[in-house]
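User: Hey, can you walk me through this one? I'd like to get a feel for the fold before I start poking at it.

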Amino acid sequence: MAWIDAALTSARPQVFGALLRYFRVLDAAEDAFQEACLRALKTWPVKGPPRDPVAWLIFVGRNFALDEVRRRSKQTELPPDDDISAEPDDTQGELAERLDASHYRDDILRLLFICCHPDLPATQQIALALRIVSGLTVKEIARAFLVSESAMEQRITRAKGRVTAAEVRFDTPGAAERAARLAAVTTMIYLIFNEGYSASGGTAHVRVPLCEEAIRLARLLLRLFPSESEIVGLMALLLLQHARAPARLDAESSIVVLEDQDRGLWNREMIGEGLALVEKALRHRRPGPYQVQAAIAAVHAQAQRPEDTDWEEIDRLYEILETLQPSPVITLNRAVAVAKLRGPAAALVMIEPLAPKLGGYFYFFGLKGALLTQLGRTDEARTAFDRAIALANTAAEAAHIRLHLDRLIKHSEPTPDVHTPV
Amino acid sequence: MEAFSGKRSSEPRSGLPRDVVCPLFEHPVGIGHTRSSLGKKGIRMLYSILCYESEALASARTKQEDAAMMVRLRAVQQKLHDQGKLGPVARLMPTTTATTIMVGKEPLVIDGPFAETKEQLLGFYVIDCATLEDAIETAKLLAREKPHGALEIRPVAVFNPVGPSK
């Protein structure tokens with residue numbers, strides 16, 4: 001029944017959003033959605049899929065919840081569950097569709113805004129979004145974030161409690177507030193992707209399902225805002241980054257840096273879509289951090305071989321990014337381009353002032369070690385690599401640095417191998 | 001990107017390959033032909049098969065499901081190719097990559113697809129069939145390998161795969 005699962009998953013945000021509009025309480029909407037899904041699983045295999053699964057689910061979910069209310073208030077007998085009249089025929093479906101089509105955008109947006117409520121810390125926003133919008137089970141989310149199921153259950157319950165206490169607003173927020181909350185949504189999606197792209201702990205360095213979920217959420221958001229260039233940029237960035245996933249780890253799950261990746265393994269379809277979106281976003285001439293990062297990823301994606309990489313362009317883009325969003329991590333990334341263009345000494349000069357701010361950052365010491373190696377300053381390189389291993393988030397990160405150390409110990413020709421976080 | 005003749009485009013964004021020419025499609029057809037000329041010997045009839053599907057559903061498919069479907073579709077395409085029936089095949093990128101131009105003296109550029117509908121145009125085929133009945137049977141072969149959506153058969157009025165003829 002893979003097609004039913006796919007249909008329910010893709011219908012979920014819109015159906016859930018509509019049910020939340022009716023019932024205004026997350027738990028009530030969730031119950032109604034669950035019931036509608038159960039009935040779909042019972043009915044669809046027999047009768048075939050409805051012409052409009054979304055309208056069908058909204059209709060059934062709403063009726064179920066209304067029946068519940070009636071049942072409780074009147075204590076009267078109701079027709080049995082499998083009564084045909086509880087399911088919409090095509091005319092009723094169309095009616096439901098007409099009622100809901102006009103709310104489509106607001107319903108989904110409200111759902112996303114609730115998950116990214118300003119009162120919630122980022123960890124709770126992410127958990128809530130994966131539970132409510134994506135429909136992942138608590139167990140799946142717990143596994144993705146390496147916490148126990150009960151801890152994740154608690155986190156989600158707490159998030160729901162806070163949202164309820166904060167009294168979710170059902171009117172449409174004004175332009176300024178909307179922009180701020182939209183930014184919170186894009187950040188939430190970006191954080192989910194990052195967690196999958198470069199896991200912050202545990203054994204797996206890359207968690208593909210989280211990346212794919214983030215891409216799905218970005219698509220959802222982009223469909224609502226096709227002209228919002230930063231959302232287009234975010235979508236492009238995620239696709240271009242994720243396209244490299246098949247090449248980022250070798251058979252032994254060791255990290256393969258960008259330069260050494262088998263570019264034939266990159267997902268060309270995703271790169272194609274990502275490049276198309278970068279072009280679309282840049283047309284608007286409203287640069288933003290996601291667009292610039294996507295443009296950087298695009299430069300890498302377009303290089304057939306590592307030596308074809310247009311480092312001048314990457315340096316220039318990082319310069320723009322530094323002005324848009326000043327951060328030591330961005331300067332660190334720019335240093336990689338500078339090392340390519342002007343050599344390791346220039347890059348080292350650039351990153352040394354970052355030490356106080358990035359003293360706990362794995363990539364800082366990884367890059368520092370690599371630059372020192374290239375300069376032949378072996379002892380200092382070893383110290384930097386040791387520090388990087390101590391700060392590694394995953395076994396794969398630590399193993400990657402150990403590889404550098406082994407090379408140093410063997411006193412073999414230092415390999416110019418710069419670790420690029422982006 | 002699928003392409004007819006079983007060749008695959010190596011360029012990710014190149015659209016249809018330019019160097020691949022199916023013998024049946026190497027000359028422009030249809031130009032100047034009217035319906036009354038159909039059925040005459042030597043005039044071929046082209047039909048487009050437009051593939052509609054809910055994009056949300058299509059993107060909810062797992063990679064494995066999608067790959068399995070493509071294998072089945074390629075088998076049908078190979079069969080049609082061997083029969084000399086298959087012309088250009090295109091799988092379109094998601095509608096989020098679409099840009100719409102409203103025509104007029106001052107064309108208006110809009111991000112997104114032309115119409116917001118439940119199903120989106122996600123790809124198309126051009127096939128060479130003697131009759132509509134044949135085109136329907138051919139489309140059915142493809143339809144059996146797809147999980148959802150619909151195929152629209154639309155006769156091609158003008159088809160010119162190699163640009164304007166001299």
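**A hairpin to start with**

Analyst: Sure. Let's begin in chain B: B:Met102 has B:Leu108 in S4(B) as its bridge partner. Keep in mind that this is a predicted model.

User: How many bridges join S3 and S4 of chain B?

Analyst: There are 4 bridges between strand S3 (residues 99-102) and strand S4 (residues 108-111) of chain B, and the two strands run antiparallel. The hairpin they make has 5 residues between the strands, and B:Gly104 takes a positive phi near 155° there.

User: OK, zoom out. What's the order of elements in chain B?

Analyst: Starting at the N terminus, you get β-α-α-β-β-β-β-α-β. That is 3 helices and 6 strands.

User: And which strands form the open sheet?

Analyst: The open sheet of chain B has 4 strands in the order S2-S5-S1-S6, with antiparallel pairing. Strand S2 (86-91) and strand S6 (150-155) of chain B are the edge strands; each has a single partner strand, so one side of each has no neighbour in the sheet. On average, neighbouring strands of this sheet are turned by 20° against each other, direction ignored.

User: How is S1 joined to S6 in chain B?

Analyst: Through 6 bridges, with strand S1 (residues 46-53) of chain B antiparallel to S6(B). If you want a pair to click on, B:Ile49 has B:Ile153 in S6(B) as its bridge partner.

User: What packs on the sheet around there?

Analyst: Helix H3 (residues 132-143) of chain B does, touching S1, S5 and S6 of chain B, and its direction makes about 155° with that of S6(B). There's also helix H2 (residues 63-82) of chain B, which lies across S2 and strand S5 (120-128) of chain B and runs at about 160° to S2(B).

User: Let's stay on H2 of chain B. Which of its residues are buried?

Analyst: B:Asp66, B:Met69, B:Met70, B:Leu73, B:Val76, B:Gln77 and B:Leu80 are buried in H2(B). They cover an arc of only 125° around the axis, which puts them on the same side of H2(B). That spacing fits the general rule: an α-helix has 3.6 residues a turn, so residues three or four places apart point the same way.

User: What do those buried ones pack against?

Analyst: The buried residues of H2(B) pack against S2, S5 and H3 of chain B. Over on the other side of H2(B), B:Gln64, B:Val71 and B:Asp82 are exposed.

User: What span should that helix have, and what does it have?

Analyst: The 20 residues of H2(B), at 1.5 Å a residue, should span 28 Å, and the end C-alpha atoms are 28 Å apart, which agrees. Just after H2(B), B:Gly84 takes a positive phi of about 70°.

User: Back to S5 for a sec. B:Asp128, buried or exposed?

Analyst: B:Asp128, which is in strand S5 of chain B, has a relative accessible area of 11%, so it counts as buried. Its C-alpha atom is separated by 9.9 Å from that of B:Pro155, and the two residues are 27 apart along the chain.

User: And how much of chain B counts as buried overall?

Analyst: 37% of its 166 residues. The chain exposes about 9700 Å², with carbon and sulfur atoms supplying 57% of that. As for contacts in chain B between residues at least 6 apart in sequence, 73% join residues at least 24 apart.

User: Switching to chain A. Which residues of H19 are buried?

Analyst: In H19(A), those are A:Ala381, A:Ala384, A:Phe385, A:Ala388, A:Ile389 and A:Leu391. Their arc around the axis is only 160°, which puts them on the same side of H19(A). They pack against helix H18 (362-374) and helix H20 (395-409) of chain A. On the other side of H19(A), A:Asp379, A:Thr383 and A:Ala390 are exposed.

User: Last thing: where is A:Leu146?

Analyst: A:Leu146 is in the loop between helix H7 (138-144) and helix H8 (149-165) of chain A. It has a positive phi near 55° in a residue other than glycine, and it is partly exposed, at 49% relative accessible area. Another loop worth a look is the one between helix H13 (268-283) and helix H14 (289-302) of chain A, where you find A:Arg285. A:Arg285 has a positive phi of about 50° although it is not a glycine, and at 71% relative accessibility A:Arg285 counts as exposed.

Key:
Residues are numbered from 1 along each chain as its sequence is written. Chains are lettered from A and ligands numbered from 1 in the order in which they are written. This is a predicted model: local features need pLDDT of at least 70, side-chain atom pairs count only at pLDDT 80 or more; totals for chains, interfaces and linings use all residues. Side-chain values use heavy atoms; hydrogens and water are left out. Buried means under 20% relative accessible area, exposed over 50%, partly exposed in between (1.4 Å probe, protein chains only). The arc is that of the directions from the helix axis to the C-beta atoms. Contact means heavy atoms within 4.5 Å. Two strands pair if DSSP finds at least two bridges between them. Axes are lines fitted to C-alpha atoms, for helices over the stretch in contact, and angles run from 0 to 180 degrees between N-to-C directions. Accessible areas come from the Shrake-Rupley method with a 1.4 Å probe; for residues, only the protein chains shown count as cover. The expected span of a helix is 1.5 Å times one less than its number of residues.
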